[in-house]
Amino acid sequence: MAQSVPPGDIQTQPNAKIVFNAPYDDKHTYHIKVINSSSRRIGYGIKTTNMKRLGVDPPCGVLDPKKAVLLAVSCDAFAFGQEDTNNDRITVEWTNTPDGAAKQFRREWFQGDGMVRRKNLPIEYNP
């Protein structure tokens, strides 16, 4: 059963952080690539610490082994220096999909007893 096997690794490009550059008076979009480097199909979901400022499209999905998806991370306009941005980050969560499951994302994959892995990508704002 796929749920008893820990999910394999993913890779992200960029690997360590996301950087947005000023000015912040308009919406910025930054693309990140998520690559399923494991040999199993995974379901992924993206979370953010600041829903008002940050968005990700698509926010969830299914990735076959060795496949990649391009995510658009958007940062809405905000008053730089007047809002706390220290803890802004995006978290990629992923888990193995059940054997024989349709290639359609299901939130319950993350709520059962299967293992869920996480990768945090801090967000840096250049003034």
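## Strands, salt bridges and a few odd bonds

Asp-9 is partly exposed, since its relative accessible area is 45%. That's our way into this structure, which is a predicted model. Asp-9 has a charged partner: its side chain meets that of Arg-117 in a salt bridge, with 2.8 Å from N to O. The two come from distant parts of the chain, because Arg-117 sits in strand 9 while Asp-9 belongs to the segment before strand 1, and 108 residues separate them. Arg-117 has a relative accessibility of 27%, so this residue is partly exposed as well.

Now for the wider setting. According to an unreviewed UniProt entry, residues 9-126 carry the annotation "domain: MSP". This span is 49% strand and 0% helix, and the C-alpha atoms at its two ends are 30 Å apart.

### The five-stranded sheet

Let's look at how some of those strands are arranged. Five of them make an open sheet in the order 2-9-8-4-6, and the pairing is mixed. Which strands are at the edges? Strand 2 and strand 6 are, as each of them pairs on one side only. On average, and ignoring direction, neighbouring strands of this sheet are turned by 20° against each other. As for what holds strands together, the strands of a sheet pair through backbone hydrogen bonds, and the pairing can be parallel or antiparallel.

Strand 8 deserves a closer look. It covers residues 89-96, and seven of its eight residues are buried, which means the rest of the structure largely encloses it. How many bridges join strand 8 to strand 4? There are seven, and strand 4 (residues 42-48) runs antiparallel to strand 8. Two of the residue pairs can be named here: Gly-45 has Glu-93 as its bridge partner in strand 8, and Ile-46 has Val-92.

Strand 9 (residues 117-126) also runs antiparallel to strand 8, and six bridges join these two. Val-92 turns up again here, with Lys-119 as its bridge partner in strand 9. So you can trace a path on screen: Ile-46 partners Val-92, and Val-92 partners Lys-119.

### Salt bridges

The structure holds eleven salt bridges. Here are some of them, with the distance between N and O.

| Salt bridge | N to O distance |
|---|---|
| Arg-117 and Asp-9 | 2.8 Å |
| Arg-118 and Glu-93 | 2.7 Å |
| Glu-108 and Arg-106 | 2.8 Å |

The Arg-118 and Glu-93 salt bridge has its closest N and O atoms 2.7 Å apart. It ties together parts that are 25 residues apart in sequence, because Arg-118 is in strand 9 and Glu-93 is in strand 8. Are these two buried or exposed? Arg-118 is exposed, at 54% relative accessibility, whereas Glu-93 is buried, at 5%. Remember that Glu-93 is also the bridge partner of Gly-45.

In the Glu-108 and Arg-106 salt bridge, Glu-108 is partly exposed at 42% relative accessibility. Arg-106 is partly exposed too, with a relative accessible area of 42%. There is also a network of salt bridges, which links Arg-41, Asp-64 and Lys-103.

### What about the cysteines?

How many disulfides does the structure have? A search of the whole structure turns up zero. Still, you can check where two cysteines sit. Cys-75 is buried, since its relative accessibility is 0%. Cys-60 is partly exposed, with a value of 27%.

### Odd spots in the loops

Most peptide bonds are trans, and most residues other than glycine have a negative phi. With that in mind, here are some exceptions to find in the loops.

The peptide bond from Gln-13 to Pro-14 is cis, with omega near 0°. Pro-14 belongs to the loop between strand 1 (10-13) and strand 2 (18-21). Another cis peptide bond joins Ala-22 and Pro-23, with omega about 5°. Where is Pro-23? You'll find this residue in the loop between strand 2 and strand 3 (28-36).

Lys-66 is unusual in its phi: the angle is positive, about 65°, although the residue is not a glycine. Its loop lies between strand 6 (60-63) and strand 7 (68-75). Lys-66 is exposed, because its relative accessibility of 57% is over the 50% cut-off.

Methods: Residues are numbered from 1 along each chain as its sequence is written. This is a predicted model: local features need pLDDT of at least 70, side-chain atom pairs count only at pLDDT 80 or more; totals for chains, interfaces and linings use all residues. Side-chain values use heavy atoms; hydrogens and water are left out. UniProt positions are given in the numbering used here, feature names are shortened, and annotations may be inferred rather than shown by experiment. Helices (H or I, at least four residues) and strands (E, at least two) are DSSP runs, numbered from the N terminus. Buried means under 20% relative accessible area, exposed over 50%, partly exposed in between (1.4 Å probe, protein chains only). Two strands pair if DSSP finds at least two bridges between them. A disulfide is a pair of cysteine sulfur atoms within 2.5 Å. Axes are lines fitted to C-alpha atoms, for helices over the stretch in contact, and angles run from 0 to 180 degrees between N-to-C directions. A salt bridge is a side-chain nitrogen of Lys or Arg within 4 Å of a carboxyl oxygen of Asp or Glu.
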